[in-house]
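Here's a walk through this protein, sheet by sheet and domain by domain. Have a look at the model first, then read on.

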Amino acid sequence: MSHNNIARKVQNLQSSAIRELLKHSKMDGVISLGGGIPDPDLFDREGLQIAMDNVLSSGWKEAFQYGLSEGSPALREAICSLLSKRQIHCHVDDVVVTSGSQQSLDILARALIDPGDVVVVERPTYLAALQIFQLAEANLMSVGTDGDGMIIDELEALVKTTRVKAVYIVPTFGNPGGVTLAEHRRKQLVELSKRYGFVIIEDDPYGEINFTDKTFTPLKAWAETMDNSDNVIYTSTFSKILAPGTRVGWLVVPGWLKRQVVNLKQATDLHTSALSQSLTWHYLQTGRLSGQIALIRDAYKQKCQTLSQHLEKELGDHLTFHQPMGGMFLWARFKYELNTTQWLQKTLNNGVVYVPGEFFYCKEPDHSTLRMSYVSVPEANLKEAVVRLKASLDASV
Ligand code: PMP
C-alpha cells in the first residue's frame, strides 16, 4: 500500500503546525505563551464533583445510554436560558449539542460548503477553522482586521464583486487576534449578509470572558432585532467557561438548515457523549457557573494586564498590539520586519515560546506577528517571559 491510497484531500493534511513547533515548550524552565488552553488550576473541582455525584444518583442510566442526535432536551433547555443572558432568544428546537465548537464548525463546513465555494475569514483567523474549511475545499479569502475587528468596508468591497457563501468570524475577544468587532460593524455585517445573501458563522467561545463593563451584542442577537435570524448560525462551547475535556458545545441553527445539521451530527458520532451532557447539565443545576465565569474572567484579566504592562514597558519600542478586552490571547506585531518563526529558535534558547503569527493566515501571512496567551502562565512568570523575549531581541538586532 502506498500514500496514493490516502484520499486526495487528506494526503497533505498536517498536524497543527503549532503543536509541532511547541513540542519543546514542555521542557523544564521554558515559559510558554504558546498554549491556547484554559488554566486547569481554575477548573471547579468541587462543583464538578457535586455534578458527577448527581449524575450517578438521579436518572443515572440515561447518562450511560444512547441519546438523541440533537442532544439532551434538558441540556438544550438550559443552553437556551444561558443564551437569553447573551441576548439570544431561541427555542430548544434551534439548539444542537455538539462535541465542542470544533465539531460545530466541521458540521457546518460539510453542511454548507461545496468545493470552490468562497468562505471569507478574518486576517488573522482561528487556525483549526482554516483546516476545516480547507478540508471542505472551500476557496478561502480573507478580510483585514484592526482594533475594531473585521474591516467590514473591505468585506463589502469583496462581496460586491464575488459570490460569497459564508463569512466565518470570531467577533468577541477573538483567537488569535484578541480583538472585538465594534457594535456599529456588527450591525453593518448583519445588514450586508441580508443584502448579499451570505451566511455568517459566528464562533463565540470567549464572549463571557469579558474584562470590561461593556456588553458586546452577539451577531445572532443583532440578527434577531433586524429580522435576519436565518442568516446567522451561532456556535459556542463550555470549553472555556467550564472545562474543555468534557467536549460539550452547541449550535443555534436556523430552521432551513436544522435537518441537515442533525443528520450530519448523527452520521459523525450519533450524539455527543451522554455522560458529558449529563455532567454539564448537573453542573448548571448547581448554579455555580456564573461564579466560575467571574473567577476565570478576573484571573485572566489580571494576567492580561500584567503581560501587556510589561510588554509596553520593555518592548513598546519594538511591538504594537491592541489591548484585549477579554478572552485568552494577545496578538502583537513588530514595528519592523522580523520573521517570528525564525526568531522562535532564539527565544526558545532563552526559555520562552509563543506562536508565530504566520499560521493564522489563509494566504500571504504577515511574518512579523505573534500570538501570546497569558492564561496558563503563573503571573510571576509573565514578567520573566517578557524579559526573556527582550533578551532574545537584543541578541538578534
Ligand atoms: N473556535 C475557536 C475560535 C477556538 O479558539 C476554539 C478552541 N481553541 C474552538 C473553536 C474549539 O473549541 P471547542 O473546545 O469547543 O471545540
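Helices (H or I, at least four residues) and strands (E, at least two) are DSSP runs, numbered from the N terminus. With that in hand, take Asp227: it sits in the loop between helix H8 (219-225) and strand S8 (232-237). Asp227 has a positive phi of about 55°, although it is not a glycine.

A word on ground rules. This is a predicted model, where local features need pLDDT of at least 70 and side-chain atom pairs count only at pLDDT 80 or more, while totals for chains, interfaces and linings use all residues. Residues are numbered from 1 along each chain as its sequence is written.

Two cis peptide bonds are worth finding on screen, and both lead into a proline.

| Cis bond | Omega | Loop holding the proline |
|---|---|---|
| Arg123 to Pro124 | near 5° | between S3 and helix H5 (127-135) |
| Asn175 to Pro176 | about 10° | between strand S6 (164-169) and helix H7 (183-196) |

Now the domains. The domain assignment (bounds come from an automatic or database assignment) gives domain 1 as 3-44 + 291-394 and domain 2 as 46-285. Their centres, taken over C-alpha atoms, are 24 Å apart. Across the boundary, 31 residues of domain 1 are in contact (C-beta atoms, placed from the backbone, within 7 Å) with 33 residues of domain 2. On the domain 1 side, H11, S11 and S14 each supply at least two of the touching residues. H11 gives the most, with 7 residues. That side of domain 1 divides into 18 nonpolar, 8 polar and 5 charged residues; here Ala, Val, Leu, Ile, Met, Phe, Trp, Tyr, Cys and Pro count as nonpolar, Asp, Glu, Lys and Arg as charged, and the others, Gly among them, as polar.

On to the sheets, where two strands pair if DSSP finds at least two bridges between them. One open sheet has 8 strands in the order S2-S9-S8-S7-S6-S3-S4-S5, with mixed pairing. Strand S2 (95-98) and strand S5 (149-150) each have a single partner strand, so one side of each is left without a neighbour in the sheet. Strand S3 (residues 118-123) and strand S4 (residues 139-146) run parallel and are joined by 6 bridges. Within S4, Met141 is the bridge partner of Val120. Helix H3 (residues 73-84) lies across S2 and strand S9 (249-252), at about 110° to S2; axes are lines fitted to C-alpha atoms, for helices over the stretch in contact, and angles run from 0 to 180 degrees between N-to-C directions.

The other open sheet has 4 strands, ordered S10-S11-S14-S13, and its pairing is antiparallel. Its edge strands are S10 (319-321) and S13 (355-356), each pairing on one side only. Between S11 (residues 329-334) and S14 (residues 369-373) there are 5 bridges, and Phe329 has Ser373 as its partner in S14. Helix H11 (residues 289-315) lies across S10, S11 and S14, running at about 15° to S11.

Which residues are closest to the ligand? They are Gly100, Ser101, Gln102, Thr237 and Ser239, out of 13 that surround the ligand (near means a C-beta atom, placed from the backbone, within 6 Å). The shell divides into 4 nonpolar, 8 polar and 1 charged.

Key: Contact = placed C-beta atoms within 7 Å.
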